[in-house]
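User: Hi! I'm new to reading structures, and I'd like a close look at a single part: the place where the ligand sits. Could you walk me through the surroundings step by step?

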Amino acid sequence: MKRVWVLNDLFVEEAYRNRGMAGLLLNAAAEFAKTTDAARIILATQASNTPAQSLYESRGYCRDEAFYHYTLSLA
Ligand SMILES: CC(C)(COP(=O)(O)OP(=O)(O)OC[C@H]1O[C@@H](n2cnc3c(N)ncnc32)[C@H](O)[C@@H]1OP(=O)(O)O)[C@@H](O)C(=O)NCCC(=O)NCCS
């Protein structure tokens with residue numbers, strides 16, 4: 001069974017945004033995933049976070065329309 005990597009909390013310091021940094025980080029994550037022979041990278045973002053959605057979609061990430069995700073909070 002192949003690995004699935006979870007990409008959490010992608011963040012670029014505000015002063016360095018809109019210079020392609022996140023794109024480079026996503027490229028590095030994809031390269032790392034390929035070198036570990038992973039099947040895919042998964043991530044989640046807030047429904048309101050349209051900049052992040054544009055970023056991911058521009059880098060080939062597809063929004064999952066087929067599954068609902070559930071969380072049981074234990075706090
Ligand atoms: C989302 C975030 C990581 C983008 O980082 P960044 O280094 O500014 O992004 P880049 O410069 O690499 O932009 C790449 C693409 O992202 C999209 N994008 C980035 N900022 C955007 C904005 N404010 N509005 C719309 N699209 C945006 C564009 O598609 C852009 O491609 P383009 O330059 O060809 O137009 C950054 O804004 C951030 O750290 N935000 C706070 C944390 C966060 O929301 N992280 C995502 C959690 S899921």
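Analyst: Happy to help; here is a walk around the ligand, followed by a look at a few loop residues.

Please keep in mind that this is a predicted model. Start with the space itself: the ligand occupies the second largest pocket. A shell of 19 residues surrounds the ligand, and the closest are L10, V12, N18, G20 and N49. Sorted by character, the shell holds 10 nonpolar residues, seven polar ones and two charged ones.

Where do the residues of this shell come from? Two helices, α1 and α2 (50-58), each supply at least two of the residues. The largest share belongs to α2, with six residues.

Now for the polar contacts. A polar backbone atom of N18 is 2.8 Å from an oxygen atom of the ligand. The backbone of A22 takes part as well, with a polar atom 3.0 Å from a ligand oxygen. In N49, the partner is a polar side-chain atom, and it lies 2.8 Å from an oxygen atom of the ligand. As for how much of the ligand is covered, it has 920 Å² of accessible area on its own, and the protein covers 66% of that.

Let's stay with N18 for a moment. You can find N18 in the loop between β1 (4-6) and α1 (21-35). Is N18 buried or exposed? Its relative accessibility is 85%, and residues over 50% count as exposed, so N18 is exposed. That value takes only the protein chains into account. The backbone of N18 has another feature to notice: its phi is near 60°, a positive value in a residue other than glycine. For background, most residues other than glycine have a negative phi.

A second residue with this feature is found at the other end of the helix. D37 also has a phi near 60°, again positive and again in a residue that is not glycine. D37 lies in the loop between α1 and β2 (40-42). With a relative accessibility of 46%, D37 falls between the 20% and 50% limits, so it counts as partly exposed.

The loop between α1 and β2 holds T36 too. T36 has a relative accessible area of 18%, which is under 20%, so T36 is buried. The side chain of T36 reaches the backbone oxygen of A33 at 2.9 Å.

To retrace the walk in the structure, begin at N18 and its backbone contact with the ligand, then go on to the side chain of N49, and finish in the loop with T36 and D37.

Technical notes. Residues are numbered from 1 along each chain as its sequence is written. This is a predicted model: local features need pLDDT of at least 70, side-chain atom pairs count only at pLDDT 80 or more; totals for chains, interfaces and linings use all residues. Side-chain values use heavy atoms; hydrogens and water are left out. Helices (H or I, at least four residues) and strands (E, at least two) are DSSP runs, numbered from the N terminus. Buried means under 20% relative accessible area, exposed over 50%, partly exposed in between (1.4 Å probe, protein chains only). A residue is near a molecule or strand if one of its heavy atoms lies within 4 Å of it. A polar contact is a pair of N or O atoms within 3.5 Å; within protein, one must be able to donate a hydrogen and the other to accept it, and residues adjacent in sequence count only if both atoms are side-chain atoms. Accessible areas come from the Shrake-Rupley method with a 1.4 Å probe; for residues, only the protein chains shown count as cover. On a 1 Å grid over the protein atoms alone, a cavity is a set of points where a 1.4 Å probe fits but cannot get out, and a pocket is an open set with protein on both sides within 12 Å along at least five of seven lines; lining residues have an atom within 4 Å of a point. A molecule sits in a cavity or pocket if more than half of its atoms lie within 2 Å of its grid points. Ala, Val, Leu, Ile, Met, Phe, Trp, Tyr, Cys and Pro count as nonpolar, Asp, Glu, Lys and Arg as charged, and the others, Gly among them, as polar.
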